[in-house]
Amino acid sequence: MVSESYMENKQKAVARNDSSSSSSSTDENDFRHPVHKKFHLFGRHKSLHAALGGGKLADVLLWRNKQISGGLFAGATVIWFLFEWIGYHLLTFICHSLIVSLAILFFWSNLSLFVNKSLIEFPKIELPEELWTQVALLLRDQFTCAFGIFREVASGNDLKKFLYAIFGLWIISIVGRWFNLLTLVYIIFVVLLTVPFFYEKYDDQVDAYGEMAIKELRRQYSQLDEKVLQKLPIPFLKDIKQD
């Protein structure tokens with residue numbers, strides 16, 4: 001009996017030593033190999049649907065409701081084709097559309113009495129308040145953010161943001177030479193209806209390439225800052241360098 005109890009105590013001690021050694025090795029491995037956080041563009045920490053507001057507007061941009069998204073895409077394409085290629089004018093287009101619609105509905109309503117068909121029941125159209133509220137809030141947030149960035153860049157405290165703003169405006173001015181306002185609005189509309197959808201579908205690949213591109217841009221900027229910007233006789237650059 002004594003030998004059996006001695007052997008059981010010895011086995012328990014060995015088991016405790018093994019568990020302690022395994023836990024310590026696990027802690028060391030966790031310390032040596034820290035968890036790499038997954039990179040996301042624009043620093044988002046939630047799903048793309050939630051980042052876009054999570055409502056009907058996000059459903060339209062991500063094609064969760066394919067009928068509405070496809071209808072908007074087709075309608076925008078038809079309008080752009082009429083104005084850009086056929087040379088239609090906006091006021092003429094609106095008036096002709098109303099004339100055709102009113103004429104068809106008027107004559108159909110009168111002819112239905114002679115062919116023994118029921119009158120057309122015009123549906124009561126109510127625009128969804130939630131959708132337009134989300135659009136208004138989104139526009140308000142974007143304009144507020146844009147004005148905040150403008151004020152921060154114009155204050156003259158951050159040369160990096162100033163260069164980014166100048167470069168972005170310069171690119172937009174070049175693009176503005178290639179397209180007129182209607183085509184540019186149509187391109188932006190198509191981008192809004194396609195880029196979020198494909199980004200959600202291929203987010204892992206896009207985030208990987210985006211991370212590499214951002215690292216390369218930071219490397220190029222650091223070289224530019226070291227070789228050029230730090231040598232410029234600008235007072236606040238010296239203050240930043242000292243800090």
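The following exchange looks at one serine, two annotated spans and a pair of helices in a predicted model.

User: Why is Ser69 called buried?

Analyst: Ser69, which has its place in helix H4 (residues 66-86), has a relative accessibility of 0%, and since buried means under 20% relative accessible area, Ser69 therefore counts as buried.

User: What makes the approach of the Ser69 side chain to the backbone oxygen of Val60 a polar contact?

Analyst: The side chain of Ser69 reaches that backbone oxygen of Val60 at 2.7 Å, and a polar contact asks for a pair of N or O atoms within 3.5 Å, one able to donate a hydrogen and the other to accept it. Leaving aside residues up to four places away in sequence, Ser69 touches Val60 along with Asp59, Trp63 and Leu193.

User: How do you know what residues 67-83 and 90-111 are made of, helix or strand?

Analyst: Residues 67-83 are 100% helix and 0% strand, with end C-alpha atoms 24 Å apart, and residues 90-111 are likewise 100% helix and 0% strand, with end C-alpha atoms 32 Å apart. An unreviewed UniProt entry lists both spans, together with residues 185-202, under "transmembrane region".

User: Why are H8 and H9 called roughly perpendicular?

Analyst: The axes of helix H8 (residues 181-201) and helix H9 (residues 203-227) cross at roughly 95 degrees and come within 5 Å; because angles of 65 to 115 degrees count as roughly perpendicular, that is the name for this pair.

User: Which residues meet where H8 contacts H9, and what are their classes?

Analyst: Tyr199, Glu200 and Lys201 in H8 meet Asp203, Val206 and Asp207 in H9, and by class this contact has two nonpolar, no polar and four charged residues.

Technical notes
Residues are numbered from 1 along each chain as its sequence is written. This is a predicted model: local features need pLDDT of at least 70, side-chain atom pairs count only at pLDDT 80 or more; totals for chains, interfaces and linings use all residues. Side-chain values use heavy atoms; hydrogens and water are left out. Helices (H or I, at least four residues) and strands (E, at least two) are DSSP runs, numbered from the N terminus. Buried means under 20% relative accessible area, exposed over 50%, partly exposed in between (1.4 Å probe, protein chains only). Contact means heavy atoms within 4.5 Å. UniProt positions are given in the numbering used here, feature names are shortened, and annotations may be inferred rather than shown by experiment. Axes are lines fitted to C-alpha atoms, for helices over the stretch in contact, and angles run from 0 to 180 degrees between N-to-C directions. Angles under 35 degrees count as roughly parallel, over 145 as roughly antiparallel, 65 to 115 as roughly perpendicular and the rest as oblique. Ala, Val, Leu, Ile, Met, Phe, Trp, Tyr, Cys and Pro count as nonpolar, Asp, Glu, Lys and Arg as charged, and the others, Gly among them, as polar.
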